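Biologist: Please take a close look at one part of this model with me, and explain each term as you go. I am in my first year, so friendly steps would help.

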Amino acid sequence: MKTLLFHTLWGWPGSLEAASRYAQQAGFDGLEANLEHPCFKGWRPEDVTTLLNQQSQQLIVEITTGGGYTPRLELSPEHHLAELEAKLEQACELAPLRINLITGSDCWPMVQQHSFLERCLQLLNHTPVPVSLETHRSRSLFNPWAIEDILKAHPTLRLTADVSHWCVVAERLMSPELHPIQAMASHVDHIHARVGHEQGAGVPHPFAANWQEALVAHAQCWSLFAQQRLQSGQPLTLTPEFGPDGYMPLHPESGEPLADVATINQLMADWLRSDGWLS
């Protein structure tokens, strides 16, 4: 069963056509983009599908609820659910391979978290496209130490694994022997292949010598998730997702990024291809 590799449009400054061309030239199987990415502006859903079909490319649509990537504290679960319902309908019009969902809020107590996730899953059960919830900071799945209990209570929950976020929350590298990683492994459908560290969700360069421990720890987690997913007979999707917006450190004097995120994502894709990930 083939692993599908996606080009992220996070931080992409160009057009949708340019992104599709770049993905084709760089050997990606498709694009991953937020539903509200500027490159979709002015496009009818059917025209997006036609463009990608011409290159035999797939699309992963990302949805956020509650005010962008960091939810507004005053917004209730009901607000998140209403926004989610509307955005699921919009996303499905783009005929994506899957939807990556960043939802909920870390400020809610656990009783409220469980109620929200139950109602969220009820919506997802009626969605014709597979949906996976991301293990994202500031969201309902922010806490690695709670994931085992959450999955026991909601066994149909499917996940997008981004363990770089958990490294920051737990202030330690995640590794396969840890209970959260073991507990979630069979629930992971999609991976965001970004390398984080104990104090940040993105290292400046994952292939620099001083970040090798972090790279190995993340890759071991990804390998476990990939084994579980592919053994189930289902395709695994994977997106190198280094990005800007505070994830890439800046030079203290010039303010320039320490590395180019597009280059880093391409290097990660090349490494994943060469390291036996893609079959």
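**Strand 1 and its surroundings**

Modeller: Let's begin with the side chains of strand 1: T3, L5 and H7 point one way, L4, F6 and T8 point the other way, and all are buried. Here "buried" means under 20% relative accessible area, with exposed being over 50% and partly exposed in between (1.4 Å probe, protein chains only). The word "strand" refers to a DSSP run of E with at least two residues, while a helix is a run of H or I with at least four residues, and both kinds are numbered from the N terminus. In a regular strand, side chains alternate between the two faces of the sheet.

Before we go on, two notes on the model. It is predicted, and its local features need pLDDT of at least 70, side-chain atom pairs count only at pLDDT 80 or more, and totals for chains, interfaces and linings use all residues. Residues are numbered from 1 along each chain as its sequence is written, and side-chain values use heavy atoms, with hydrogens and water left out.

Strand 1 covers residues 3–8, and it is mostly covered, with six of its six residues buried. Look at L5, which sits in this strand. Its relative accessibility is 0%, so L5 counts as buried. Now find I191: it is 186 residues from L5 along the chain, yet the C-alpha atoms of the two are separated by 9.8 Å.

Next, the partners of strand 1. Two strands are said to pair if DSSP finds at least two bridges between them. Strand 1 is joined by three bridges to strand 2 (residues 30–34), and the two run parallel. There, T8 stands opposite E32 of strand 2. Strand 1 is also joined by three bridges to strand 8 (residues 236–239), again running parallel. On that side, the bridge partner of L5 is L238, and L4 stands opposite T237.

Strand 8 has its own two-way pattern: L236 and L238 point one way, T237 and T239 point the other way, and all are buried. Strand 8 also has three bridges to strand 7 (residues 188–192), running parallel, and in this pair H192 stands opposite T239.

Where does this chain of partners lead? The strands form a closed barrel of eight, in the order 1-2-3-4-5-6-7-8, with parallel pairing. The twist averages 30° from one strand to the next. Angles here run from 0 to 180 degrees between N-to-C directions, and axes are lines fitted to C-alpha atoms, for helices over the stretch in contact. Elsewhere in the barrel, strand 4 (residues 98–102) and strand 5 are joined by three bridges and run parallel, with N100 having S132 of strand 5 as its bridge partner.

Now for some helices. Two packed helices are described by the angle between their axes and the distance between the axes. The axes of helix 1 (residues 16–26) and helix 2 (residues 45–54) come within 10 Å and cross at roughly 25°. Helix 1 and helix 2 are therefore roughly parallel to each other; that label is for angles under 35 degrees, while those over 145 count as roughly antiparallel, 65 to 115 as roughly perpendicular and the rest as oblique. In this contact, L16, E17 and S20 of helix 1 meet V48, L51 and L52 of helix 2, where contact means heavy atoms within 4.5 Å.

Helix 8 and helix 9 (residues 261–274) offer a second pair, with axes that come within 13 Å and cross at roughly 55°. That makes helix 8 oblique to helix 9. In their contact, L215, A219 and W222 of helix 8 meet M268, W271 and L272 of helix 9.

One last helix to find is helix 6 (residues 163–170), which is mostly covered, with six of its eight residues buried. Those buried residues are V163, S164, H165, W166, C167 and A170, and what covers them includes strand 5, strand 6, helix 5, helix 7 and helix 8. After helix 6 comes E171, whose phi is positive, near 55°.
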